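Visitor: I am new to this structure. Could you show me how to read its features, one at a time?

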Amino acid sequence: MRETVIASELDLALVNALQLRPRASWTELAPLLGVTAGTLARRWDRLAGAGLAWGYAAPGREFTRNRCTAFVLLRCRPRQRSRLLADLGAFSEVVTIELTSPGSADLLLDVLAPDLPSLSRFLQEKLDRLPGIVSVSCLFATSLYVEGSRWRLRSLDPAQLTALSSTAAAREPARTLALDPVDRCLLDELVRDGRLGLAELAERTATSPATVRRRLRRLMDSAVLTFRCDVASALAGRPVPVSLLGQVPARDIGTVHRALAALPECRLVAAVTGPANIFATLWVHDLGDIQRREVALCARLPALTVTDRIVGLRTAKRMGHLLDEEGRRIGTRPISPW
């Protein structure tokens with residue numbers, strides 16, 4: 001059984017700092033958080049060991065421009081859902097699985113693939129062959145405006161935020177990068193653990209620390225990958241995930257996406273194909289907050305018509321990391337969408 005860990009204010013501040021600087025060293029963060037580097041290392045090991053927080057590499061902005069993202073809504077037979085969760089969790093293309101309240105979908109999947117033919121093969125050759133699925137609806141993302149690495153725990157004070165943000169300026173991505181076997185080996189290691197050090201990465205990829213440093217910088221400058229620090233539901237205040245599908249005139253999509261992206265509770269905003277052309281995921285405080293948020297959004301954005309609300313009951317997999325019913329990480333099925 002896992003150790004019961006009660007997160008302190010320092011733990012929350014540490015996680016928030018790592019959301020801003022996922023690969024920052026303990027020595028860099030120690031002065032900002034007012035403790036020693038050794039204390040931060042011990043705190044992180046404790047949080048990670050309990051499955052409450054974890055760091056990893058995920059596809060960066062280059063992926064959304066040149067590869068394929070889809071949100072797949074599945075209806076299934078009630079007695080088959082548990083088995084389907086296990087079957088779907090084994091697929092590397094399925095990076096996130098949400099068990100949802102019965103309605104337009106029983107399961108909501110985030111699916112990533114290097115190109116449209118690969119995504120089509122997954123839908124036809126893998127998904128269609130699983131017993132128990134009643135219907136499949138696929139929304140292809142045409143633009144991804146906000147993704148999960150932007151969400152923050154909001155535990156740091158303004159001075160700490162300023163200090164961390166000043167060293168994490170956004171870069172314009174370089175030209176599209178062709179990946180070689182060393183790049184792919186690095187990505188495979190980092191999707192498991194985004195805080196692996198240069199020496200350990202060098203050993204695992206049979207290169208040198210200097211080579212790893214150059215490769216990582218190249219992958220990050222080209223926006224092939226981004227680093228995230230994610231948290232269990234308990235550490236995030238047990239939010240209720242809700243995905244909203246909406247219709248908006250094409251001329252107003254930019255305005256709507258900027259308004260959604262500015263919400264602190266926003267995890268994801270995408271333009272999608274289908275009758276609805278906006279897909280957004282929010283982490284709200286409670287069920288009543290869903291209606292309050294929708295009313296406020298529609299008042300602020302009269303061009304937006306919300307057509308569906310999908311409430312998440314449990315996240316079984318998030319960006320390749322397997323979660324228990326409390327949202328704690330219990331394992332990893334590494335993704336390889338590149």
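Guide: We will go through helix faces, helix crossings, single residues and backbone angles. Keep in mind that this is a predicted model.

Visitor: Let us start with one helix. Which residues of helix H5 are buried?

Guide: First, the general idea. An α-helix has 3.6 residues a turn, so residues three or four places apart point the same way. Now the case here. Helix H5 covers residues 81-89, and its buried residues are Leu84, Leu85, Leu88 and Gly89. Look down the axis of H5: these buried residues fall within an arc of 125°, so they line one face of the helix.

Visitor: Which exposed residues sit on the face of H5 turned away from the buried side?

Guide: Ser82 and Ala86 are the exposed residues carried there.

Visitor: And what do the buried residues of H5 pack against?

Guide: Several elements take part. The strands are S2 (68-76), S3 (94-100), S4 (107-113), S5 (133-146) and S10 (305-318). Helix H6 (116-127) is also packed against.

Visitor: Next, pairs of helices. How do I read the crossing of H1 and H2?

Guide: Take the distance between the axes, then the angle. For H1 (residues 9-20) and H2 (residues 26-33), the axes come within 11 Å and cross at roughly 125°. An angle between 115 and 145 degrees counts as oblique, so H1 and H2 are oblique to each other. Their crossing is right-handed.

Visitor: Which residues meet in that contact between H1 and H2?

Guide: H1 brings Leu10, Ala13, Leu14, Ala17 and Leu18. H2 brings Trp26, Leu29 and Leu33. By type, the contact of H1 with H2 has eight nonpolar residues, no polar and no charged.

Visitor: At what angle do the axes of H9 and H10 cross?

Guide: Roughly 100°. Those axes, of H9 (residues 198-205) and H10 (residues 209-221), come within 8 Å. Angles of 65 to 115 degrees count as roughly perpendicular, and H9 and H10 are therefore roughly perpendicular to each other. Leu198, Ala199, Leu201, Ala202 and Thr205 in H9 meet Pro209, Val212, Arg213 and Leu216 in H10. That contact of H9 with H10 divides into seven nonpolar residues, one polar and one charged.

Visitor: Now single residues. Is threonine 69 buried or exposed?

Guide: Check its relative accessibility against the cut-off: buried means under 20%. Threonine 69 has 10%, so it counts as buried. Threonine 69 lies in strand S2. Beyond four places in sequence, threonine 69 touches Phe63, Val111, Leu112, Leu139, Phe140 and Ala141.

Visitor: Where does alanine 276 lie?

Guide: In the loop between strand S8 (266-272) and strand S9 (278-284). Alanine 276 is buried, with a relative accessible area of 10%. Neighbours within four places aside, alanine 276 is in contact with Leu245, Gly246, Gln247 and Thr307.

Visitor: Is proline 158 buried or exposed?

Guide: Exposed, with a relative accessible area of 62%. Proline 158 is found in helix H7 (residues 158-165).

Visitor: Last, the backbone. What is the phi of alanine 223?

Guide: Again, the general idea comes first. Most residues other than glycine have a negative phi. Alanine 223 is not a glycine, yet has a positive phi of about 60°. Alanine 223 is in the loop between H10 and strand S6 (225-231). At 5% relative accessibility, alanine 223 counts as buried.

Visitor: And what is the phi of arginine 238?

Guide: Positive, about 50°, although arginine 238 is not a glycine. Arginine 238 sits in the loop between S6 and strand S7 (240-247). With a relative accessible area of 46%, arginine 238 is partly exposed.

Methods: Residues numbered from 1 in each chain as written. Predicted model: local features only at pLDDT ≥ 70, side-chain atom pairs only at ≥ 80, totals over all residues. Heavy atoms only, no water. Buried < 20%, exposed > 50% of the residue type's maximum accessible area, 1.4 Å probe, protein only. Helix = DSSP H or I, 4+ residues; strand = E, 2+ residues; numbered from the N terminus. Arc of directions from axis to C-beta. Contact = heavy atoms within 4.5 Å. Axes fitted to C-alpha atoms, helices over the stretch in contact; angles between N-to-C directions. Parallel < 35°, antiparallel > 145°, perpendicular 65-115°, else oblique. Left-handed = near helix turned anticlockwise from the far one by under 90°. Nonpolar A, V, L, I, M, F, W, Y, C, P; charged D, E, K, R; others polar.
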